[in-house]
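Reader: I've got the coordinates open and a few things I'd like to go through with you. Can we take it one question at a time?

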Amino acid sequence: MSDPSDKLPFGRRRRTAASALVVVLIAFGVGVLLNAPAMKKTALELPYGGARSVRLALVSPAAAVSHWLFLDRPARYASSLLGRPDPGPEPVQVVVVPTPTPEPSAVTKGDKGDKGQNDGGQTPVAERPLPRPYAGHPMHLYIAGDSMAGIPGMALVNMAKDTKLIKPLLDYRISTGLVRPDFFNWPLQLQEQMKSFDPGAVVVMWGANDNQGLETSSGKVHQFGSDGWKKEYRKRIEDVIAILFAGGVRRIYWVGQPVMPDATYDRQIRLMNDLFESAAARHDGVTYVDAYQLFSNANGGYTQYLEDDNGETQQVREADGEHLTYAGGQRLAKAVMAAIKADWLTQAKKDGSGDAGAGTPASPSAKASPARSATPAP
Amino acid sequence: MLFPTITFAVFFLLVFVGSWLLMPRPRLWKPFILIASCVFYGWWEWRFVLLLVVSAVANQLFAAAIQGARTRSARKWLLAGAVAANLGVLGWFKYYGFFVTSVVNFLGAFGLNADLPLLRIVLPIGISFLTFRVLSYVIDVYRGSLRTASMLDFGVYVSFFPYTLAGPIARASEFLPQLRAPRDPRRVDTSRAFFLIFAGLAKKMLLADYLATHIVNGVFTTPGQYTSLETLVGIIGYAVQIYCDFSAYADIAIGISLLLGFELPDNFEAPYTAVSVQDFWRRWHMTLSRWLRDYLYIPLGGSRKGQVRTYVNLMLTMVLGGLWHGAGWTFIFWGFLFGGALVIEHRRLDVRRARAARRRRTAAGAGGRAMSEYGPSGAVAGDRGAFELDRSARALAAMGGGPAFRAPAAGVTPPGATAVIAAPGPATTAPPQPLQYDRRPWGGGWLPRIGVFAFVTFAWVFFRSPTFGAALSVLAQLFRGWGGVGAAVTPAVLLVIIVGIGVQYVPRTFYQRLQAGFSVLNPVVQGLVLAIGFMLLDVLGPTGPASFLYFKF
């Protein structure tokens, strides 16, 4: 470090604090105007409530001034030039929830001998025998969720690849869920993935960010936990299931949220888990994976450490207490994989068409595989 | 509170104005900055402000007791108590889980059941940095190189918000003197400050976060999904990511401090241009390597107790340095790799020095001159390695600390040159001539640079991976995924990697000229340039701020 009185290289000038304040104020003020669309978008994405209203009250006038002075244009033009999404709030996208009319393709959902596809569509898709993946024709597995799905999703991808019969695609989006399609529109994303990836099975895991108010299509805001909220959230779960089945998905594995350290948050999680589980129970082809039980201690409470299959104690939750560690992700992925294998690969092994990993028992110990399905084994 | 957020921008604006308004009145300014720092730290979890308070009070009491102790023995015991207390707190928060699971699993392997309580402990952000900061104060007071500060001054030092979360590790001897007099509002190095803040944000948002989301995270978590080339690019990408992420935080912290009138020590100096591992540690996380050198390596004996002890001390220092980063065997192994590399380099230099000494003896004849074979201990400070600064460092400390002592970087030495640095040694009538030999373990030029970068990048695999198994999976994929380039290797990813490394090869003078040019602009123009720059960062950067990697250390 240099003495305050010494000279700076290449004649660099020291300036006064007042000069610095001018720079900071201009950079801040003009910066706010130039970035007003993005700031308004960020404010809109906050949970419904006082903080959001205050932020919007501050940002909205800046956004209006920015627009009036054409100062929002540079960011928009720059984004457009660089192929980036528009920095401002996205227009509301209407998602049409289609009526399930499944027509699974032979490539991703079964082999050529899948008799279930040749009955003129009379048999409900979930009740048809599942097609068997074989070498060169893997079952496409799409994994969707929020940040909680990240690590277990990655572990699941590794396990799926090891089977050589499942082609996984992990698509987790941080801070997303089902309550704020204005932040990230999962139904739209699912519809697009149904077309582009054409999955035979889908694993979903949401809820960790959904403990906040939601807005219905009529514009009414329901705070978390209210009857209106539960009704709307239930509808959104049903919409997701409808979109997936309509896209030709044969099995959905709905992963609940694990036990949480904070009592309030844990209650909220349990409420959502109940909704997930009851939705799964209502639909054939939807399996609920009980992560809550899988990550609870012997007393059903929260723990950061659990024993793995080898009897070694592992830290399963990150330092934040909520997200899963690598070991925790493995634990959850194993449970999901056991359910997937029971559905898709057990038969394959009997036929000799599967290999590594195929044929894992469909229902090992409850602790190892807490998946519960309303679907009878095919 | 994260730096790249509007919340922090508003917070800083208020603190900046308040700080300069109150600066002429230290009695008001100090409580103000103390409260502001507590708000910053407590924004995430207010209860951890108590940790700052307890740490400040306890260490101040220890320091005062050490300074007031009459006997050397009492001072020693008090120091031991302070070190134990600080490391105990750090161990509780950071290593408890690692310790308990290691013990339980170790005993479990022998069929023994250790019923140790597994508690959920929330790790306070930046506790490792805090521990090293306060220890530097207590140890310097013990050594007599620093007088105790007032409680208020020490509180400001402990909590000063720019460096609280992830360094640089400013020592008490570097920071406290700046509190003795108000900062001069007429002489603020604003140009460098704005440059560092902007450069830090750009490195973080455009380079580090881009690499993390587009290739690194995937390669390290689902290696089986990637080709060999993708894996290689992902591994190199992580080396660039961690540099851009960590140095970005340091840059922003230094820049913010400068705007408030305070100077913090540099933390990085183009680390991937290093020509040896020693050189790397003089350029990477410089405040940590200086800390380890002065408060761990030298007290262990440094290089004063023979070659074997030197090697042991190096290894111990690096392994503990690895453990400092995280509670896990992979971090320990990472430290072990660097310790091993430093030992090899020191061994090469020791052999070379012995040969040079023999040559000189031969040249001087059987009688020989009255000259030490190896020269005085520490005589080659600066170019003998990252932890070879014993006497000079202690001499500086004894002189009252002052500004950070910078070891001369080996890269500065012209290729092929032999170091002829005169050494601060014992007073003699005629200063001894230093031995003539190349102090760079692997010479100069591109080959050692590439080799060191390859080694460091390899070591990062263990640093990044949660387990050995995961690290080996990534490394194995380098040989298993042949065939095709892979979709993750895009021109943009390659460009970001090239830029991330390339900026380190741009001469320092280029950046200094830029800063000088910016400094003479009208403040209004400066503000407009920055505003447009921030807009471009926002357009080009990722959605939502990502936390800095070093927060968890």
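Author: Sure, and one definition up front: two residues are in contact if their C-beta atoms, placed from the backbone, lie within 7 Å. This is a predicted model, where local features need pLDDT of at least 70, side-chain atom pairs count only at pLDDT 80 or more, and totals for chains, interfaces and linings use all residues. Residues are numbered from 1 along each chain as its sequence is written, while chains are lettered from A and ligands numbered from 1 in the order in which they are written.

Reader: How many residues does the contact take from chain A and from chain B?

Author: The contact is counted on both sides, by the C-beta rule of 7 Å. It takes 52 residues from chain A and 59 residues from chain B.

Reader: Which element gives the most to the side of chain A that touches chain B?

Author: Elements here are DSSP runs numbered from the N terminus, with helices (H or I) of at least four residues and strands (E) of at least two. Those giving two or more residues to this side include helix H2 (36-44), helix H4 (73-81) and strand S9 (313-315) of chain A. The side divides into 29 nonpolar, 16 polar and seven charged residues (Ala, Val, Leu, Ile, Met, Phe, Trp, Tyr, Cys and Pro count as nonpolar, Asp, Glu, Lys and Arg as charged, and the others, Gly among them, as polar). The top contributor, with 13 residues, is H1(A).

Reader: How many residues does the contact between the domains of chain A take from each?

Author: The bounds come from an automatic or database domain assignment, which gives domain 1 (17-81) and domain 2 (106-373) of chain A. On the domain 1 side, the residues divide into three nonpolar, one polar and one charged. The contact takes five residues from domain 1 and seven residues from domain 2 of chain A.

Reader: Is Lys164(A) buried, exposed or partly exposed?

Author: Lys164(A) sits in the loop between helix H6 (150-163) and strand S2 (166-172) of chain A, and its phi is near 65 degrees, positive in a residue other than glycine. A residue is buried if 20 or more other C-beta atoms lie within 10 Å of its own, exposed if 12 or fewer, and partly exposed in between. Lys164(A) has 17 such atoms within 10 Å, so the verdict is partly exposed.

Reader: And where is Ser175(A)?

Author: Ser175(A) also isn't a glycine, and has a positive phi of about 65 degrees. With 14 C-beta neighbours inside 10 Å, Ser175(A) counts as partly exposed. Its place is the loop between S2 and helix H7 (186-196) of chain A.

Reader: Over in chain B, why are H6(B) and H8(B) called oblique to each other?

Author: Helix H6 (residues 151-159) and helix H8 (residues 172-179) of chain B have axes 10 Å apart; axes are lines fitted to C-alpha atoms, for helices over the stretch in contact, and angles run from 0 to 180 degrees between N-to-C directions. Angles under 35 degrees count as roughly parallel, over 145 as roughly antiparallel, 65 to 115 as roughly perpendicular and the rest as oblique. H6(B) and H8(B) are therefore oblique, as they pack at an angle of about 125 degrees.

Reader: Which residues in H8(B) does H6(B) meet?

Author: From H6(B), the partners are Asp153(B), Val156(B) and Tyr157(B). In H8(B), they meet Ala172(B), Phe175(B), Leu176(B) and Leu179(B).
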